[in-house]
Amino acid sequence: MMIKIAIVDDNTFLQKAIQDKLAFFDDIDIKFKANHGQDLLEKLEKNHNIDLILMDIEMPKMNGIEATEAVKNKYPQIKIIMLTVFDNDENIFKSIKAGADGYFLKEVNPQDLYNAIIETLNGGAAMTPSIALKTLKLLREPMVFDNCEPCEEINLTNREVEVLEQLSKGLKYNAIADNLFLSVGTIRKHVENIYTKLQVHNKLEAIQKAKTNKLI
């Protein structure tokens, strides 16, 4: 049976390097590559028949930790291995909290990466040995990481928060208008104001930023 993989990295050279590592294994099928979290989510909308995602962390528009949380919320069956050059405690902690199933450094050799994919698909939690040690240390000595870096001063009205909460549930404008006894045009205006205040460009970014800043 073929293992369907997606690679997410903003560096196309590194995308190719990961693909080349997996080219040694006949049962690996790279279904698509994405340049950042938002790109990944758009591609998953078209095809979420994916077994596992290899996820970079530092990316524009939506980083790998945010993307991991979004994917796990919508497609919990998809396994995710973080594949990054960063092994700091905060990235490890936030990745695991977001739902990552494994964590490897990009220097991993092809066989170890393949073994990690198989182990993760079989329900394991594959990690680079040094990452596993850090994870154990984090479990023994929990550290507090602030989710907001720092939390921004964002002032939404009560009505805008209500609209945002409805958006976060996946409701369309007309359903939100019915629920709040408002016109669709008024809902659109509220959404425009929300995007402006949060300095975002779409619904997903708005929801992520609102959650990060504990607005919803």
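This is a chat about the sheet and some of the helices in a predicted model.

Student: Start with the sheet. How many strands form it, and in what order?
Tutor: The open sheet has 5 strands in the order 2-1-3-4-5. Their pairing is parallel.

Student: Which strands are at the edges?
Tutor: Strand 2 (28-34) and strand 5 are the edge strands, and each of them pairs on one side only.

Student: What does the twist average from one strand to the next?
Tutor: It averages 25°.

Student: Which helix lies across strand 1, strand 2, strand 3 and strand 4?
Tutor: Helix 1 (residues 12-22) lies across those strands, and runs at about 175° to strand 2. Helix 5 (residues 110-121) also packs on the sheet, where it touches strand 1, strand 2, strand 3, strand 4 and strand 5. The direction of helix 5 makes about 150° with that of strand 4.

Student: Back to strand 5. How many bridges does it have with strand 4?
Tutor: Strand 4 (residues 79-84) and strand 5 pair over 4 bridges, in the parallel sense. Leu83 has Phe104 as its bridge partner in strand 5, and Thr84 stands opposite Leu105.

Student: Which way do the residues of strand 5 point?
Tutor: Gly102 and Phe104 point one way, while Tyr103 and Leu105 point the other way. In a regular strand, side chains alternate between the two faces of the sheet.

Student: Are those four buried or exposed?
Tutor: Gly102, Tyr103, Phe104 and Leu105 are all buried.

Student: New topic, helix packing. How do people describe two packed helices, and what is the angle for helix 3 and helix 4?
Tutor: Two packed helices are described by the angle between their axes and the distance between the axes. For helix 3 (residues 64-74) and helix 4 (residues 89-98), the axes come within 8 Å and cross at roughly 15°. An angle under 35 degrees counts as roughly parallel, so helix 3 and helix 4 are roughly parallel to each other. The crossing of helix 3 past helix 4 is right-handed.

Student: Which residues make the contact?
Tutor: From helix 3 there are Ile65, Thr68, Glu69 and Lys72, and from helix 4 there are Asn91, Lys94, Ser95 and Ala98. By class, this contact has 2 nonpolar, 3 polar and 3 charged residues.

Student: Which residues are buried in helix 4?
Tutor: Asp89, Asn91, Ile92, Lys94, Ser95 and Ala98 are. Just after the helix, Gly99 has a positive phi of about 115°.

Student: Now helix 7 and helix 8. At what angle do they pack?
Tutor: Helix 7 (residues 158-168) and helix 8 (residues 173-180) pack at about 130°, and their axes are 10 Å apart. That angle makes helix 7 oblique to helix 8. Helix 7 passes helix 8 in a right-handed crossing.

Student: What is the contact made of?
Tutor: Helix 7 supplies Arg159, Glu162, Val163, Gln166 and Leu167, and helix 8 supplies Tyr173, Ile176, Asn179 and Leu180. These divide into 5 nonpolar, 2 polar and 2 charged residues.

Student: Which residues of helix 7 are buried, and what covers them?
Tutor: The buried ones are Glu160, Val161, Val163, Leu164, Gln166 and Leu167. Their cover includes helix 8, helix 9 (184-198) and helix 10 (203-212).

Student: Why would residues three or four places apart point the same way?
Tutor: An α-helix has 3.6 residues a turn, so residues at that spacing point the same way.

Student: Last one. Which glycine follows helix 7?
Tutor: Gly170 does, and its phi is positive, near 85°.

Notes:
Residues numbered from 1 in each chain as written. Predicted model: local features only at pLDDT ≥ 70, side-chain atom pairs only at ≥ 80, totals over all residues. Heavy atoms only, no water. Axes fitted to C-alpha atoms, helices over the stretch in contact; angles between N-to-C directions. Parallel < 35°, antiparallel > 145°, perpendicular 65-115°, else oblique. Left-handed = near helix turned anticlockwise from the far one by under 90°. Contact = heavy atoms within 4.5 Å. Nonpolar A, V, L, I, M, F, W, Y, C, P; charged D, E, K, R; others polar. Buried < 20%, exposed > 50% of the residue type's maximum accessible area, 1.4 Å probe, protein only. Pairing = 2+ DSSP bridges.
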